[in-house]
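These are my notebook entries on one protein chain. I set down in order what I looked up.

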Amino acid sequence: MTIIARFLRWAAVFAVLTLVFWAFAPSEAGAVDSQTVLTVLTEEGPVSMTMEEYLPHAVAGEMPVSFGAEALKAQAVAARTYALACVHHQEADVCTDSGCCLAYLDEQALRDAWGDDYDTCWQAVTEAVAATDGEYLTYEGQAIQAAFHASSAGSTESSEAVWAALPYLVSVASPESSADVPGLVTTAVFSPEELAEALSLADAENDPSQWIGEVSLDSAGRVASVVIGGETLTGVYVRACLGLRSTDFSLSWDGEQFVFTVAGNGHGVGMSQYGAKVYAAQGWTYQEILSHYYPGTVLAVYGG
């Protein structure tokens, strides 16, 4: 692949990451409450619903009920903040595509998932939403970019390493371990041919055992950059091209293929959902969880 083609490929990846960043762009939140009407873009088209109607389905789509009441409350505040701050659809305030905005499970999907426990689970979610009604996170008076992810291994990532530096999205400790998170550590393997194609390693040496070079870690202990096949690549780029679960990875050559050992799941920025679960089990309140993962923010109330 030519240098120009490689540049265009990286530009496309960077464009996707930029869109994700601006999807979290902060904005002023108005004086609204649970009856605030949102336009939600569903698979069937735009639908108007109140925050009270919308938010439980988003929280249920993003976090298992088993994570506990305080973790669910923290998720409710983060999701509410996201819905208020993120307006990047022309025809809607937020959509139901988890790859774009927030996950959303309708009643039938929840009944299929929860079965006979539907009533109990739905009550837990709606209680978490009601208990935090009107609460959202702010920084200097603005609704924040309430980023969250599934799990981290030891510490979260700074937004600077993924999108752009924000004072409340910095690396903080996260308590989850393999005992708390099924599949916290995963592996991905690639043949030399697969790796060269995925990463556009046009100038890689013939001997794959010599491909792995210097690995630089950022302040969170994740891969900032790595030399592979003579190319210096960012951890974000490698993760995107290879579909790795996070940038917290190591790699090795076993004589036949390249083995990536990956810890955690997601971009790593903001609240770790499994971390919130662990903290909730330790007795932390949702306010303490949010203050930890979004340092320097203020928990505000609509109109208050």
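**Entry 1. Ile228**

I began with Ile228 and asked whether it is buried or exposed. At 0% relative accessibility, Ile228 counts as buried, since the cut-off for that class is under 20%. I note here that the model I am reading is a predicted one. Ile228 belongs to strand 11, which covers residues 223-228. I then listed what Ile228 touches, leaving out residues up to four places away in sequence: Leu195, Leu199, Leu201, Trp211, Leu233 and Leu251. I also checked Gln210, which is 18 residues from Ile228 in sequence; the two C-alpha atoms are 8.7 Å apart in space.

**Entry 2. The nonpolar cores**

I next looked up the cores. In soluble globular proteins, nonpolar side chains tend to be buried together. The largest nonpolar core here holds 65 residues, and Tyr54, Met271 and Tyr294 touch the most other members. Helix 3 gives this core its largest share, eleven residues. A second core, separate from that one, has 22 residues, with Trp211, Ile228, Leu244 and Leu251 among them. Ile228 of Entry 1 is thus placed in the second core.

I followed Met271 further. With neighbours within four places in sequence set aside, Met271 contacts Ala74, Gln75, Ala78, Ala147, Phe148, His149, Ala276, Ile289, Leu290, Tyr293 and Tyr294.

**Entry 3. Helix 3 against helix 8**

Which residues of helix 3 and helix 8 make the contact between them? I first recorded the geometry: helix 3 (residues 69-85) and helix 8 (residues 273-281) pack at about 140°, and their axes lie 7 Å apart. The two helices are therefore oblique to each other. The crossing of helix 3 past helix 8 is right-handed. On the helix 3 side I found Glu70, Ala71 and Gln75, and on the helix 8 side Gln273, Ala276, Lys277 and Ala280. By class, I recorded three nonpolar, two polar and two charged residues in this contact. Gln75 and Ala276 also appear in the list of contacts of Met271.

**Entry 4. Helix 3 against helix 5**

I then turned to helix 5 (residues 118-131), which packs with helix 3 at an angle of about 60°, the axes being 8 Å apart. That angle makes helix 3 oblique to helix 5. Here too I recorded a right-handed crossing. Helix 3 contributes Leu72, Lys73, Ala76 and Arg80 to the contact, while helix 5 contributes Ala124, Ala128, Val129 and Ala131. Six of these residues are nonpolar and two are charged, with no polar residue present.

**Entry 5. Two loop residues**

I closed with two residues in loops. Thr247 sits in the loop between helix 7 (235-242) and strand 13 (249-253). Is Thr247 buried or exposed? I found 7% relative accessibility, so Thr247 counts as buried. Beyond its neighbours within four places in sequence, Thr247 is in contact with Glu157, Arg222, Val223, Gly235, Val236 and Arg239.

Glu43 occupies the loop between strand 1 (37-42) and strand 2 (45-50). Its relative accessible area is 78%, and I therefore entered Glu43 as exposed; the cut-off for that class is over 50%. Finally, I looked up the spacing of Glu43 and Cys95, which lie 52 residues apart along the chain. Their C-alpha atoms are separated by 8.9 Å.

Key: Residues are numbered from 1 along each chain as its sequence is written. This is a predicted model: local features need pLDDT of at least 70, side-chain atom pairs count only at pLDDT 80 or more; totals for chains, interfaces and linings use all residues. Side-chain values use heavy atoms; hydrogens and water are left out. Axes are lines fitted to C-alpha atoms, for helices over the stretch in contact, and angles run from 0 to 180 degrees between N-to-C directions. Helices (H or I, at least four residues) and strands (E, at least two) are DSSP runs, numbered from the N terminus. Angles under 35 degrees count as roughly parallel, over 145 as roughly antiparallel, 65 to 115 as roughly perpendicular and the rest as oblique. A crossing is left-handed if the near helix is turned anticlockwise from the far one by less than a right angle, and right-handed if clockwise. Contact means heavy atoms within 4.5 Å. Ala, Val, Leu, Ile, Met, Phe, Trp, Tyr, Cys and Pro count as nonpolar, Asp, Glu, Lys and Arg as charged, and the others, Gly among them, as polar. A nonpolar core is a set of buried Ala, Val, Leu, Ile, Met, Phe, Trp, Tyr and Cys residues joined through side-chain atoms within 4.5 Å. Buried means under 20% relative accessible area, exposed over 50%, partly exposed in between (1.4 Å probe, protein chains only).
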